[in-house]
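Hi everyone, thanks for making the time. I'd like to walk you through a structure that is probably new to most of you, so please have a look at it while I talk.

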Amino acid sequence: MIKELKAISKARNFRHYSETNWPGLNAVFASTSPARWMDIARADAAVDAVEKVYGSIKGYGGLWIAGGWLGGLPYEQSQRKSIVDRFIERGVDESRIIQIDGKDTVDKVRELIDVPKIRSGEVKYLGIASYPLHIARFNLALQYAQKGWHVPGLEMIGIPTDYNDRPSSDKKSRPLND
């Protein structure tokens with residue numbers, strides 16, 4: 001147990017997208033979550049990060065990735081479609097959006113590293129839009145994947161979301177730490 005706690009603690013020290021001492025984001029990933037409003041928050045965070053780093057999404061040549069399974073308990077209102085739709089609403093060209101599957105964080109990491117530009121090493125900086133502990137879990141899963149599946153040089157960049165826009169109805173039905 002101590003080994004796992006140390007690993008997740010280390011994984012929480014991810015690079016934040018707003019740091020200026022790195023070249024930029026080659027891909028951004030928004031993952032499905034337990035609620036639709038979280039999916040939208042993650043898509044918005046990905047778009048906001050690209051806008052802050054590049055000034056506009058129009059000049060961004062990186063990948064837009066939406067991931068996760070469509071619906072199903074306990075994610076009946078959370079769908080990859082919500083993320084894709086939000087990307088499009090925010091101005092991302094639909095033809096540039098890559099959709100991947102994955103039920104949990106480990107599945108999504110497996111799917112991500114099978115994206116050809118990630119597998120080939122063209123993507124060096126992968127932005128993950130989610131809440132901080134989920135980003136840490138992605139970081140940890142990615143570190144294990146790099147050992148076993150040889151995806152050298154891929155660095156996960158955190159694009160943290162928060163609960164500021166959480167609907168009051170959700171607060172009553174779901175604990176804050178989900």
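I'll start with the overall layout, then go to the sheet, the strand in its middle part, and the packing.

One thing to keep in mind throughout is that this is a predicted model. The protein chain has 178 residues, and 46% of them count as buried. You will find 7 helices and 6 strands. If you follow the sequence from start to end, the elements come in the pattern α-β-β-α-β-α-β-α-α-β-α-β-α. Among contacts with a separation of 6 or more, 74% are between residues 24 or more positions apart. On the outside, the chain exposes about 9,500 Å², and carbon and sulfur atoms account for 51% of that.

Now the sheet. How are the 6 strands ordered in it? The order is 1-6-5-2-3-4, in an open sheet with parallel pairing. At the edges you see strand 1, residues 15-16, and strand 4, residues 97-100. Each of these has a single partner strand, so one of its sides has no neighbour in the sheet. For strand 1 that partner is strand 6: the two are parallel and share 2 bridges. One place to look is H16, whose bridge partner in strand 6 is G158.

Let's move to strand 2, which covers residues 27-31. On one side, strand 2 pairs with strand 3 in the parallel sense, over 5 bridges. Within that pairing, F29 has I65 of strand 3 as its bridge partner. To get from strand 2 to strand 3 the chain passes through helix 2, and this β-α-β crossover is right-handed. Strand 2 also runs parallel to strand 5, with 4 bridges between them. There, A30 sits opposite A129 of strand 5.

Is strand 2 mostly covered or mostly open? It is mostly covered: 5 of its 5 residues are buried. In a regular strand, side chains alternate between the two faces of the sheet. Here A27, F29 and S31 are on one side, V28 and A30 are on the other, and all of them are buried.

Just after this strand comes a residue I'd like you to find. S33 is in the loop between strand 2 and helix 2. What is its relative accessible area? It is 2%, so S33 counts as buried, the cut-off being under 20%. The side chain of S33 also has a partner, D39, with a polar contact of 2.8 Å joining the two side chains.

Finally, the packing. In soluble globular proteins, nonpolar side chains tend to be buried together. In this model the largest nonpolar core has 23 residues, and L25, V28, W64, F87, V92 and I159 are the ones with the most contacts inside it. Several elements give two or more residues to this core, including strand 3 (63-67), helix 3 (80-89) and strand 6 (155-160). Helix 2 supplies the largest share, 6 residues. If you want to pick one residue to explore, try V92: beyond its neighbours within four places in sequence, V92 is in contact with V47, I57, W64, F87 and I97. There is another core apart from this one, with 22 residues, among them I100, V123, I128 and V151.

That's the tour, and I'm happy to take questions.

Conventions:
Residues are numbered from 1 along each chain as its sequence is written. This is a predicted model: local features need pLDDT of at least 70, side-chain atom pairs count only at pLDDT 80 or more; totals for chains, interfaces and linings use all residues. Side-chain values use heavy atoms; hydrogens and water are left out. Buried means under 20% relative accessible area, exposed over 50%, partly exposed in between (1.4 Å probe, protein chains only). Contact means heavy atoms within 4.5 Å. Accessible areas come from the Shrake-Rupley method with a 1.4 Å probe; for residues, only the protein chains shown count as cover. A nonpolar core is a set of buried Ala, Val, Leu, Ile, Met, Phe, Trp, Tyr and Cys residues joined through side-chain atoms within 4.5 Å. A polar contact is a pair of N or O atoms within 3.5 Å; within protein, one must be able to donate a hydrogen and the other to accept it, and residues adjacent in sequence count only if both atoms are side-chain atoms. Two strands pair if DSSP finds at least two bridges between them. A crossover is right-handed if, with the strands pointing away from the viewer, the path from the first strand over the helix to the second runs clockwise.
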